[in-house]
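Hi,

Here is the structure I promised to pass on to you. Have a look at it first, and then read on for what turned up in it.

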Amino acid sequence: MKDPEKSPVPAPATLVRAFGVVSGTLLVAGIVIGSGVFKKIVPLAQSGLSAEWILAAWVAAGMVTIFGALNLSGMASLTEESGGVYEYLRLSFGNFASFLFGWTDFAIIGSASVAALAFIFAQSVNVLLPLPNPAQAWAHLSLGGLIYPFADSGIKILAISTAAALTWVNYRGVSESGRLSNVFTAAKIGGILLLILAGLFLASPDSSGSSVAVVPTRDVSLASAFFGALLSVFWAYDGWVDLSFVTGEIKNPRRNVPRAIVGGVSIAIVLYVLINYVYLRTLPLGQLAAVGPNEIGAAVVAEALLGKWGKTGVTVLILVSVFGTLNSVLLSHTRVHFRMAQEGYFFASAAAVHPRFRTPYRALAFTFTWSSLLIISGTFERLTDLVIFATFLFYGLLAVAVIKMKRQGRIPGPVPGYPFVQIMLILFALTFTGHTLITQPTQSLLGLGLILTGLPFFAYFRRQQART
């Protein structure tokens with residue numbers, strides 16, 4: 001008598017390729033265009049640079065970002081798996097280099113970005129509709145005098161609730177998240193274009209020396225002031241690599257990833273230069289430099305152009321912009337942790353794919369949980385400042401990786417601008433990080449220390465692999 005045939009074992013669920021080149025381009029633009037375009041004009045006006053040098057900083061940072069995108073296009077031919085920069089570094093230099101990037105992304109860059117964006121969103125809501133503070137009685141309680149978990153409790157509750165809602169959207173499926181991202185990206189681009197048009201046609205250029213540099217509070221050279229300005233500007237451009245994290249969900253990723261990144265960054269550059277020209281055309285540098293810490297530069301400009309309705313409109317535009325960026329950041333960064341878990345260098349459950357929605361739902365849960373703790377701590381913005389130099393170290397390392405893989409023949413096709421683009425990126429990364437180390441040694445070394453907290457986890461995951 002024959003044994004009954006065994007039922008076939010179902011194949012494990014995989015991520016679905018739902019993004020085309022248009023959705024990918026809008027995703028890049030949606031991530032890059034966040035809150036920085038509205039807020040950075042104030043610290044730039046306080047830098048001591050003239051209006052011409054401020055605009056030059058936006059152009060220079062945009063060109064460096066385009067170089068980074070062209071460099072990344074060379075790596076896109078290596079794999080069609082999710083993980084992006086993490087996966088590229090793993091293939092080029094091995095598990096240790098890729099783990100350090102992935103751990104930094106989970107512990108600080110990605111999760112802190114989620115926390116910061118959610119907090120900014122809640123702060124903007126609080127401007128329009130003041131929120132209650134249910135834990136105000138305990139606001140004075142602290143952990144070591146650094147962390148005040150009950151301070152601004154209403155804002156923190158809304159921030160966590162917003163992150164939870166968008167985590168649920170991403171849990172339900174990448175198509176739903178992608179459509180939501182496209183809608184909010186289109187809305188924010190439309191809003192920015194309206195503000196640009198208002199500034200070009202309604203503002204009267206000030207010929208009384210408004211473009212003259214404002215004397216900074218400390219004696220700095222032009223080069224130092226320019227690099228300090230770049231530090232602010234690069235935060236506004238940050239996020240352009242995030243599309244590579246969702247490579248496993250992009251149609252024909254070898255072709256569409258580089259196209260979408262270059263397209264999205266190009267949109268951001270044009271909008272950034274134009275809107276900052278409008279800021280500088282509308283108000284003198286001295287007036288922009290005097291904007292208070294609780295005000296937003298773009299809102300002050302809009303009020304000067306359009307009155308109180310303009311200020312309210314920009315506040316709503318910031319809400320739309322930050323909400324859309326938060327959704328895109330949640331979508332992209334969780335794929336890094338998902339890929340790390342697949343390779344055995346993160347908590348194993350993060351590699352699970354939902355059988356129905358085909359999303360890395362447990363990786364989303366890890367990111368949401370850690371981001372919520374950062375929101376409660378209130379220290380996330382400080383953390384992101386600490387590791388800005390490390391981000392450029394990884395960008396420089398990616399340029400080295402392209403040169404290495406090209407010379408080994410593992411990147412057979414042409415790479416735009418090779419090797420000029422890679423050499424320029426390496427030189428800039430070394431100069432930029434070196435300047436940051438010299439001018440901000442304590443913060444930079446502390447940031448490096450935070451990255452190295454991943455070492456015991458790396459050893460733990462290596463032992464887990466050896467046992468299995």
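Let's begin with one residue in the middle of things: isoleucine 261 is in contact with Val28, Ala69, Leu72, Trp240 and Leu243, leaving aside its neighbours within four places in sequence. Please keep in mind as you read that this is a predicted model.

**The overall picture**

The protein has 19 helices and zero strands. Of its 468 residues, 53% are buried. If you take the contacts between residues at least 6 apart in sequence, 81% of them join residues at least 24 apart.

**The core**

Isoleucine 261 also appears in the largest nonpolar core, which has 134 residues. Ile261 is one of the residues with the most contacts inside this core, along with Ile33, Ile192, Leu230, Trp240 and Tyr272. Which helix gives the largest share of the core? That is helix 6, which covers residues 95-128 and contributes 17 residues.

**A residue in helix 1**

Now find threonine 25 in helix 1, which runs over residues 21-32. Is threonine 25 buried or exposed? Its relative accessibility is 16%, and the cut-off for buried is under 20%, so threonine 25 counts as buried. Not counting residues up to four places away in sequence, threonine 25 touches Arg259, Ala260, Gly263, Gly264 and Ile267.

**Aromatic rings**

There are 32 aromatic pairs in the whole structure. A good one to look at is tyrosine 345 with phenylalanine 458: the ring centres are 5.5 Å apart and the planes are at 15°, so this pair is stacked. Why does this pair tie together parts that are 113 residues apart in sequence? Because tyrosine 345 lies in the loop between helix 13 (308-342) and helix 14 (361-377), while phenylalanine 458 lies in helix 19 (residues 454-467). Both tyrosine 345 and phenylalanine 458 are buried.

These two residues also belong to a cluster linked by ring pairs. Its other members are Phe96, Phe99, Trp103, Phe106, Phe346, Phe347, Phe366, Phe457, Tyr460 and Phe461.

**Empty spaces**

Next come the gaps between the atoms. Rolling a probe the size of a water molecule over the atoms shows where empty space is left.

The structure holds three cavities of 30 Å³ or more. The largest cavity has a volume of about 90 Å³, and 12 residues line it, of which Thr65, Phe234, Trp240, Phe392 and Tyr395 are the closest to its centre. You met Trp240 above, as one of the contacts of isoleucine 261. Helix 4 (51-75), helix 9 (222-237) and helix 16 each supply at least two residues of the lining of the largest cavity, and helix 16 gives the most, with four residues. Sorted by class, this lining has eight nonpolar, three polar and one charged residues.

What about the second largest pocket? It holds about 260 Å³ of space. The lining of this pocket is made of 15 residues, and those nearest its centre are Ala390, Phe392, Leu393, Phe394 and Leu397. Four helices each supply at least two residues of the lining: helix 6, helix 16 (388-407), helix 17 (420-439) and helix 18 (441-452). Which helix gives the largest share of the lining of the second largest pocket? Helix 16 does, with seven residues. By class, the lining of this pocket has 14 nonpolar, one polar and no charged residues.

**Backbone details**

Three places in the backbone are worth a look:

- Tyrosine 418 and proline 419 are joined by a cis peptide bond, with omega at about 0°. Proline 419 sits in the loop between helix 16 and helix 17.
- Aspartate 152 is not a glycine, yet it has a positive phi of about 50°. You will find aspartate 152 in the loop between helix 6 and helix 7 (153-172). With a relative accessible area of 40%, aspartate 152 is partly exposed.
- Arginine 358 has a positive phi of about 60°, although it is not a glycine either. Its place is in the loop between helix 13 and helix 14. Arginine 358 is partly exposed too, at a relative accessible area of 30%.

Enjoy exploring, and write back with any questions!

Best wishes

Note on methods:
Residues are numbered from 1 along each chain as its sequence is written. This is a predicted model: local features need pLDDT of at least 70, side-chain atom pairs count only at pLDDT 80 or more; totals for chains, interfaces and linings use all residues. Side-chain values use heavy atoms; hydrogens and water are left out. A nonpolar core is a set of buried Ala, Val, Leu, Ile, Met, Phe, Trp, Tyr and Cys residues joined through side-chain atoms within 4.5 Å. Buried means under 20% relative accessible area, exposed over 50%, partly exposed in between (1.4 Å probe, protein chains only). Contact means heavy atoms within 4.5 Å. Rings of Phe, Tyr and Trp (its six-membered ring) pair if their centres lie within 6.5 Å; planes under 30 degrees apart count as stacked, over 60 as edge-to-face and the rest as tilted. On a 1 Å grid over the protein atoms alone, a cavity is a set of points where a 1.4 Å probe fits but cannot get out, and a pocket is an open set with protein on both sides within 12 Å along at least five of seven lines; lining residues have an atom within 4 Å of a point. Grid points are joined across faces, edges and corners, and a volume is the space filled by probe spheres set on the points. Ala, Val, Leu, Ile, Met, Phe, Trp, Tyr, Cys and Pro count as nonpolar, Asp, Glu, Lys and Arg as charged, and the others, Gly among them, as polar.
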